[in-house]
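Thank you all for coming, and for giving me a few minutes to walk through a structure that may be new to you. Please have a look at the sequence and the model before I begin.

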Amino acid sequence: MKYRTNMQIMAQVLDKMQDAGTQGLIISRLTQKANLSHDRLISLTSNLIGSGLITKIEYDGRNCYVITEKGRLLLEEYRKFSDQAGTFGLEMKNGI
């Protein structure tokens, strides 16, 4: 079994939110897509909201999570770093 780092998990969650677009994702759908427990994801989304990387909105009577522009920029920089590390022969586990 391969384990993901906290940064990899955060990048994967941001990636799934980016894929969802402006409608965002409800927490149960995000747990499935990111393969995380509900409790772990609640903690992570709280941290991401506090950092300004995602926002919580109400859509169709449900709480949805949407990536912010700051979150998109961080995800883009993470991808660049992962690619750059690969050019030096460093392998990022489970890269996005």
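I will start with the overall build, move on to the sheet, and then stop at a few single residues.

Before anything else, please keep in mind that this is a predicted model. The protein has four helices and three strands, and if you read along the sequence, these elements follow one another in the pattern α-β-α-α-β-β-α. The radius of gyration is 14 Å, close to the 12 Å that the globule rule gives for 96 residues, so the protein is as compact as a globular protein of that length. The C-alpha trace, laid along its principal axes, spans about 50 × 30 × 20 Å.

A few totals help to complete this first impression. Of the 96 residues, 33% are buried, while the accessible surface comes to about 6,200 Å², with 49% of that area belonging to carbon and sulfur atoms. As for charge, there are 13 positive and 10 negative side chains, and the centres of these two sets lie 5 Å apart. If we take the contacts between residues at least 6 apart in sequence, 54% of them join residues at least 24 apart.

Let us turn to the sheet. In what order do the three strands lie in the sheet? They form an open sheet in the order 1-3-2, and the pairing is antiparallel. Strand 1, which covers residues 25–26, and strand 2, which covers 54–59, are the edge strands, each of them pairing on one side only.

Strand 3, residues 62–67, pairs with strand 1 over two bridges in the antiparallel sense, and it pairs with strand 2, again antiparallel, over six bridges. Y65 in strand 3 is a good place to see both pairings, since this residue is the bridge partner of L25 and also the bridge partner of K56. Elsewhere along strand 3, R62 is the bridge partner of Y59. The hairpin of strand 2 and strand 3 has two residues between the strands, and within this hairpin D60 takes a positive phi near 55 degrees.

That backbone angle deserves a short remark, as most residues other than glycine have a negative phi. N35 is another residue to look at here, for it has a positive phi of about 55 degrees although it is not a glycine. You will find N35 in the loop between helix 2, residues 27–34, and helix 3, residues 38–50. Is N35 buried or exposed? Its relative accessibility is 62%, and because the cut-off for exposed is over 50%, N35 counts as exposed.

Now let me follow the chain out of the sheet. T68 lies in the loop between strand 3 and helix 4, the helix that runs over 69–87. At 19% relative accessibility, T68 counts as buried, given that buried means under 20%. Which residues is T68 in contact with, if we leave aside its neighbours within four places in sequence? They are G52, L53, I54 and T55.

Within helix 4 we come to Y78, which counts as buried at 6% relative accessibility. Y78 and A11 are 67 residues apart in sequence, and in space they are 7.4 Å apart, C-alpha to C-alpha.

I will finish at the other end of the chain, with T5, which is found in the segment before helix 1, residues 6–20. T5 is partly exposed, with a relative accessible area of 36%. T5 and I42 are 37 residues apart in sequence and 17 Å apart in space, taken from C-alpha to C-alpha.

If you keep one picture from this talk, let it be the open antiparallel sheet in the order 1-3-2, in a protein with four helices and three strands. Thank you, and I am happy to go back to any part of the model.

Key:
Residues are numbered from 1 along each chain as its sequence is written. This is a predicted model: local features need pLDDT of at least 70, side-chain atom pairs count only at pLDDT 80 or more; totals for chains, interfaces and linings use all residues. Side-chain values use heavy atoms; hydrogens and water are left out. The radius of gyration is taken over C-alpha atoms; the globule rule is 2.2 Å times the number of residues to the power 0.38. Buried means under 20% relative accessible area, exposed over 50%, partly exposed in between (1.4 Å probe, protein chains only). Contact means heavy atoms within 4.5 Å. Accessible areas come from the Shrake-Rupley method with a 1.4 Å probe; for residues, only the protein chains shown count as cover. Lys and Arg count as positive and Asp and Glu as negative; His and the chain ends are not counted. The place of a charge is taken as NZ of Lys, CZ of Arg, CG of Asp or CD of Glu. Two strands pair if DSSP finds at least two bridges between them.
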